[in-house]
2 protein chains.
Amino acid sequence: MAKKRVYFFGGGKAEGSAKMKELLGGKGANLAEMTNLGVPVPAGFTIATSVCGEYYDAKGKWPKGLEEEVKKNIAKLEKAMGAKFGDHDKPLLVSVRSGAAVSMPGMMDTVLNLGLNDTVVDGIIQKTGNARFAYDIYRRFIDMFGDVVMGCHHENFEEAIHTAKEKAGVKNDNELSADQLKAVVEQYKAIYKKHVGKNFPEDAWTQLKHSINAVFGSWNSPRAIKYRQLNEIKGLLGTAVNVQAMVFGNMGEDCGTGVCFTRNPSTGEKEFYGEFLMNAQGEDVVAGIRTPIPLKELNKVMPKCYKQLTSLMIRLEKHYTDMQDMEFTIQQSKLYILQTRTGKRTAAAAVKIAVDMLKEKLITNEKAVMRVEPAQLDRLLHPSFDPKAQRDVMAKGLPASPGAAVGQVVFDAETAEQWRDEGKKVILVRIETSPEDIGGMDAAQGILTARGGMTSHAAVVARGMGKCCVAGVDDLGINYKNKQMKVANLTISEGDWISLDGTSGEVMKGQVPTVEPKLAGDFGKFMMICDKIRKIGVRTNADTPGDSRRARDFGAEGIGLCRTEHMFFEGDRIWAVREMILASDDYADMLDKLAATENQNTIKQIESEYTSVKTQFEGALNKLLPYQRDDFEGIFKAMAGLPVTIRLLDPPLHEFLPHDEKSQAEMAARLNVETKIVKDKVDQLHEFNPMLGHRGCRLAITYPAIYRMQARAIIEAALKISKSGKKVLPEIMIPLIGSVKELKIVKDQVIEEIKAVFAEKKSKIKYMIGTMIEVPRAALTADEVATEAEFFSFGTNDLTQMTMGFSRDDAGKFLGEYVKQGIYEVDPFQALDQDGVGKLVEMGIRLGRSTRNNLKVGICGEHGGEPSSVDFCHCVGMNYVSCSPFRVPIARLAAAQAVIRNDRSEKKTRQKSKK
Amino acid sequence: MAKKRVYFFGGGKAEGSAKMKELLGGKGANLAEMTNLGVPVPAGFTIATSVCGEYYDAKGKWPKGLEEEVKKNIAKLEKAMGAKFGDHDKPLLVSVRSGAAVSMPGMMDTVLNLGLNDTVVDGIIQKTGNARFAYDIYRRFIDMFGDVVMGCHHENFEEAIHTAKEKAGVKNDNELSADQLKAVVEQYKAIYKKHVGKNFPEDAWTQLKHSINAVFGSWNSPRAIKYRQLNEIKGLLGTAVNVQAMVFGNMGEDCGTGVCFTRNPSTGEKEFYGEFLMNAQGEDVVAGIRTPIPLKELNKVMPKCYKQLTSLMIRLEKHYTDMQDMEFTIQQSKLYILQTRTGKRTAAAAVKIAVDMLKEKLITNEKAVMRVEPAQLDRLLHPSFDPKAQRDVMAKGLPASPGAAVGQVVFDAETAEQWRDEGKKVILVRIETSPEDIGGMDAAQGILTARGGMTSHAAVVARGMGKCCVAGVDDLGINYKNKQMKVANLTISEGDWISLDGTSGEVMKGQVPTVEPKLAGDFGKFMMICDKIRKIGVRTNADTPGDSRRARDFGAEGIGLCRTEHMFFEGDRIWAVREMILASDDYADMLDKLAATENQNTIKQIESEYTSVKTQFEGALNKLLPYQRDDFEGIFKAMAGLPVTIRLLDPPLHEFLPHDEKSQAEMAARLNVETKIVKDKVDQLHEFNPMLGHRGCRLAITYPAIYRMQARAIIEAALKISKSGKKVLPEIMIPLIGSVKELKIVKDQVIEEIKAVFAEKKSKIKYMIGTMIEVPRAALTADEVATEAEFFSFGTNDLTQMTMGFSRDDAGKFLGEYVKQGIYEVDPFQALDQDGVGKLVEMGIRLGRSTRNNLKVGICGEHGGEPSSVDFCHCVGMNYVSCSPFRVPIARLAAAQAVIRNDRSEKKTRQKSKK
């Protein structure tokens, strides 16, 4: 028996099926599947992918028997469609498309209307009485065939029609008359001949043979080869060629074309949704020249077709068990389905459809969970711009924190707070933000920065606040002095209105109208399904009772990271902090001097000075104690019954000092010292690379009293709240650990203080002490570190910075280029770099559990809310992820998907290994 | 048979030996060994370490039979010494000392002169006629016994003698008369009684028993326990107790005491060397009240003793096969050796002695190599201060680069160069140095900085230049404006003379005289022995032909790191560099704009602008090309036949721009642009963490032309020198790689340029392309990186910074505290952190060779010249280490020692595993 190379579909039966994807390609298999389902698909045939290989083996010749087989299938097609290739009265026109087993850019585009020639055009004119239409599709076919099949660039044809339009004094193609188009057809033929060197082929078979060869040729186009290399697509046979009869919705008033969805893609409502146009082509629906008619109207115009269509919609949705997006054409009262595919939908619709289909028992819990893109959820939680509103985009930056913000521009935090107090809505614009700007950021509707990436200070804080932020808009020329910013030729001054889209990164002039989010009841149901499936916990990064409550509402199961430094800035506290910093220095100096001398008198003298400075230092710290205790009480209350991980002070001390001269003078006046002393302290604390400087637990090595104060505040607050009957689960986290000895020293200080509090209060409470793993050395020596740490929390922001050697504040200058050139697929501050940083994380967990097998492990970097990173955290066996409040639902969904995805692939692997 | 607990030594025979260290402790075993060798050691006995355990098991009671055995040994001792415990005429006095198998602080100090009481003192006075001496040793004994044995603090006694001296109107103890001392003795007894609650025991046996118990008790002193914990000393039985007869060199004119060396410890000459005092105690020799007499004079005074001593010296040196440092006492014409140990020696002596002993066949090659401390060698290569000179030390910093420098203080690089040109010797003093200071550093005798650690810019460059540098002198208050620095109350102004000791870190006022180094012929011989043994290569870090030649003289086998950035600063080149940087910006901007648009007109316009800016950018680069080519030619010539690893540009571009306003204005004028443009560029290039910023290969990703220019310069130079008949082995090193894709992109650029040069010159040469491994991610993914890299060079400076999260420019503020608290044993920038960073290095090598098994691996961080790090590099299988020229001999020696040390321990491990 001869080898079968061509597979027919049509008339309710197909030789192929959905299972034959490898041989028929994705498109061919789908067309066969629909045909077998009884869907009225225009008939056609598919040349198998294996033929592509034969074609290459034979150096561009058709294998013996192929021509015969193709011709036999054309005959079948002619019969099925009641038409004939090249026939004047009943011409058969076809489309030719490529289609491999895997969707792949770089391969040949569609050739439509193949089979047209002068004779056929004449027949069409006679049949439709529409010469304009006939010449238009003819000239388009010549263009397409010339461009896609014969390599005569589209631009050449475009020039000709441009000239024709100028000559005719019209603007649009569709304003050209039939005669004018007829002339264009002749010009196109001439252009074709000039570039191809031959006459345009009138013979339909020649047209088809060239087109099939072009499809085969496109399999090895440089772009397709590159794509397969990059995506490591191997073992494919080649591309299939799909030849399918053309149908027309614009042949008369018994014709039409439209698009329909089996459910409403905007809201998720279960209803027949879509729109159509009578006597029109598919592109007319899209082009918007005529206003399409709602699908339901079709029931009035062509009730039989409508009935047939809706019953097909129901059948196809059931078959594919997902909302379908279909294209249909009615040719002379006969309905054809041209395409069906899973429809795109809004976040709200995705959730509703998943929950509804589950209710309808159409899909399982697992399928429902996989039906929503985690990143989509974000849109449900923030206000968004009215999609219908006009946008005057002036610049684009990084979508650092989602949401929509509209406000008047201010350039400093102070003005932001002032204007907010005056009832104004403001957008805070800074070159970059620093902890000093917190108040202003809080006061603003949104934050816009010229520098910094997805994990810059502005981005991290904004996400924590659930506040819209666009960061790293390189094009912004900000001038603080003039209170202006420039983008290209546009100047925006203080007080001007702008709008920020934190989801797209767009910055717009003026006030773009917004719509508030509505969390449907389905959202809650959907999240519950996720929670049932997921195995990894989801906590939040929250620094305030407000954030804690919001996160808890979003489903957070505790706090994974409560930063304490923000608390140091609020209100009057900063003054106590600054007082402490001024005293910190001599304190350390004296200890050194004390260690150096053996003279008893000197010792006594230093000791007395030391006591005085120490008193001052600890006095300032003691002023902070009640504030901190209050902070923790509020958070413990909000998180009653759930664990709260508190990170002790992390940033270098210089972050708490003012850096401009005016503020330094103010500080000096307020603390009653000379300005020079403040300046000197700022200079003394200056660091070349603060990211790698004197911060985190290193502060506790030189100034033990700071962490002691914080430990005391935590435990005093915990005892108090616990006494009120609420369960408190404090987890004290020591940051920036690099060695177990370092952890032991700091932990011992903290425990000593806690024991003192227990003794004073004659009361105890359970607590844990653990560490952040953010310095590579801590991950490398995690087996040692775990002997002292009761839990690990991977601080993947800093871990990424140190492992990859990127400063997140500076990397914006080159990271874009890195992603563009494919060195890193995504910004490693957005999605965890699993190959590099992930290796350290895995090693850290494995080593840590080798010496403490019940070690609790979490992640508290920004990656904790990013879906691919959550998947990774699940796979490496973390106990929980922690992320900003607004990302909690995303993480819950991503965690559930991780279970489904990996359990599946686990099963697959298991099956494979059984073979 | 009863268990033997006490081991006697004396009269030429000992019951123990050197082999019984575990049972007798180190000291006891040594005393036994010397006795067995026939060395006239004062007799005595050792209570075994096992007894200490029995003592604890019995809760502080002596095991049955011990008292009897000790008494028996005392009788033996009395017989051997011809004296008797407590006897008036011939009293036996003993010392009691602890001594475990491992030397250990925290255990009991010596008790001397035990056996003294009122009767014995009287006898001594009668015998010596020296009442002052008798009462002095008596009161010292009461003090020592009270303090060390009975816990009555030394301070109590000190107060009494202080009062006595005041009363007598004298300053020193030795000015008190016999009667006054006698009164002190009575007071001491009263103090003893007051604090101990009992009379001072007159009975020698009671004294002894208490002392033995005190030794046992000190085994479990908190400090001793802590020491064993920290050093993981386990399995020891306890401490031994050594009881030994006292001998006196101050009993009359037939007595004396001295110190001798079997060779000259200063020069290494083979001669009897030492000094002594007649009728004196050991401490008198040290105290310097009387001037000691050269040892050879003893031949005149007591020829018999001299002859006996010198023959003992010869014997002991032969026995211990090393130069001995001995203490001797002559008591009434009888010579006693109190101690012999391996003598300390200068670097020059160490080398000479090792070479001489090898010649004498006293030791093997391996032993000779182990006899010199690598760090010592440094002193042989630099001038040093005359050890006899007076030093007026005003401050102390880090010994950043060894040597001795004397010069007049200047505070800026420009003045340094000016004054040097005027023939002055200058010391460049800076808060910290930056690449702009290179010229001034080169002009200076030495460099002094207030900030920065052992691997700060100043330190690294100074070591590279072989120039003395003291860094990080925190106490310095430098005022650039006034051209002054302050230390405590001292003010040093520009032009004042100071002296720097780069080996000790001392800064001295005025001009301290220096002596030039003399490399003896033995040095060369010694190094040859090292080279024969070592397995790992030693290259140098050198950036100039001069450094290259010097390093080659010191034995470097190639260049492991040639930094190219210093070349960018010299002379006029900096102007071309700055021109390039000004053009760099638009260049990148335009590429972005080009990518963003599809409008043909815009594209054409941008392309034309782009071409013009690109021309400017590459024009500036082309100005640099001949300079770079010349640099490489010089280096290739100097290193003919040896490999030269050239690192392409590493620092961020902002390092090449001036940072003060005046220089910015100058730059603007010279490059004919507005000052604002320069300022804006500086602002734009500013980085928060430059260490993790836009540098290294990241420059090549955004500005490919820079590395292309460098690759061209390297290959053009190589072809030229190679044509002249000299062998050139260029190895091009790409810095800061974090991913294999990044390396591939940059490598492809470089190769393309090299191929272009080959084509132009119609000539080829072999070359290699490799990478630095300095970003943790590169080590973690070394298997991938090695598929593109032909060699790895570990940049452990940056690798340490990133792995430990320390900025080397800032860590000075807390790293001292870290080392002090034992978190890290040494500064990790001085000695490689083997537990953390080393793990990454090991992993990098293992992974790298897993995909490229002939991968050449080296190290080019500062650690390459540090002995413990060289040992590590040997153990992990590197092919070579690379270090600054002056460290090359150190690395050669350390590499040889690594072979000997690890081959030994390897053998041991093998033996163990056989068991």
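This is a short tour of a predicted model, with a suggestion at each stop of what to select next.

**Stop 1: chain A as a whole**

Start by selecting chain A and colouring by secondary structure. You will be looking at 34 helices and 34 strands. Along the principal axes, the C-alpha atoms of chain A fill a box of roughly 120 × 65 × 55 Å. Chain A has 915 residues, and 57% of them are buried. Of the contacts in chain A with a separation of 6 or more, 68% join residues 24 or more positions apart.

Now switch on the surface of chain A. About 38800 Å² is exposed, with carbon and sulfur atoms supplying 49% of that area. If you colour by charge, there are 126 positive and 119 negative charges in chain A, and their mean positions lie 8 Å apart.

**Stop 2: the two copies together**

Bring chain B into view alongside chain A. How many degrees of turn lay chain B on chain A? The turn is 179 degrees, with a shift of 0.0 Å along the axis, and the RMSD is 0.4 Å. The two copies are therefore related as by a two-fold rotation axis. To find that axis from the chain B side, select Asn689(B): its C-alpha is the nearest to the axis in chain B, at 2.0 Å.

While both chains are shown, select the interface residues. In chain B, 100% of them are also interface residues in chain A, so the copies meet through the same surface.

**Stop 3: a sheet in chain A**

Hide chain B and look for a five-stranded piece of chain A. Here 5 strands make an open, antiparallel sheet, in the order E11-E10-E9-E12-E13. Select residues 293-294 for strand E11 and 334-342 for strand E13 of chain A; these are the edge strands, each pairing on one side only.

Next, zoom in on strand E9 (residues 256-261) and strand E10 (residues 273-278) of chain A, which run antiparallel and share 6 bridges. Which residue in E10(A) is the bridge partner of Phe261(A)? Select Tyr273(A) to see that partner.

**Stop 4: a sheet in chain B**

Swap to chain B, where the strand numbers change. An open sheet of 5 antiparallel strands appears in the order E9-E8-E7-E10-E11. Strand E9 (293-294) and strand E11 (334-342) of chain B stand at the edges with a single partner strand each, so one side of each has no neighbour in the sheet.

Select strand E8 (residues 273-278) of chain B together with E9(B): this antiparallel pair is joined over 2 bridges. One place to look is Phe276(B), whose bridge partner in E9(B) is Ile293(B).

**Stop 5: two loops with positive phi**

Stay in chain B and select Asn279(B), in the loop between E8 and helix H10 (282-287). Its phi is positive, about 45 degrees, although Asn279(B) is not a glycine. With a relative accessible area of 25%, Asn279(B) is partly exposed.

Then move to Ser333(B), which sits in the loop between strand E10 (324-331) and E11 of chain B. Ser333(B) is another residue other than glycine with a positive phi, near 65 degrees. Its relative accessible area is 44%, and Ser333(B) is partly exposed.

**Stop 6: a buried aspartate**

Finish back in chain A with helix H33 (residues 867-875), and pick out Asp871(A) within it. Is Asp871(A) buried or exposed? Its relative accessible area is 12%; that is under the 20% cut-off, so Asp871(A) is buried. To see what lies around it, show the side chains of Ala898(A), Arg901(A) and Asn902(A): Asp871(A) touches these three, leaving aside residues up to four places away in sequence.

Definitions and conventions:
Residues are numbered from 1 along each chain as its sequence is written. Chains are lettered from A and ligands numbered from 1 in the order in which they are written. This is a predicted model: local features need pLDDT of at least 70, side-chain atom pairs count only at pLDDT 80 or more; totals for chains, interfaces and linings use all residues. Side-chain values use heavy atoms; hydrogens and water are left out. Helices (H or I, at least four residues) and strands (E, at least two) are DSSP runs, numbered from the N terminus. Buried means under 20% relative accessible area, exposed over 50%, partly exposed in between (1.4 Å probe, protein chains only). Contact means heavy atoms within 4.5 Å. Accessible areas come from the Shrake-Rupley method with a 1.4 Å probe; for residues, only the protein chains shown count as cover. Lys and Arg count as positive and Asp and Glu as negative; His and the chain ends are not counted. The place of a charge is taken as NZ of Lys, CZ of Arg, CG of Asp or CD of Glu. Two strands pair if DSSP finds at least two bridges between them. Copies are superposed by least squares on the C-alpha atoms of residues with pLDDT of at least 70 in both.
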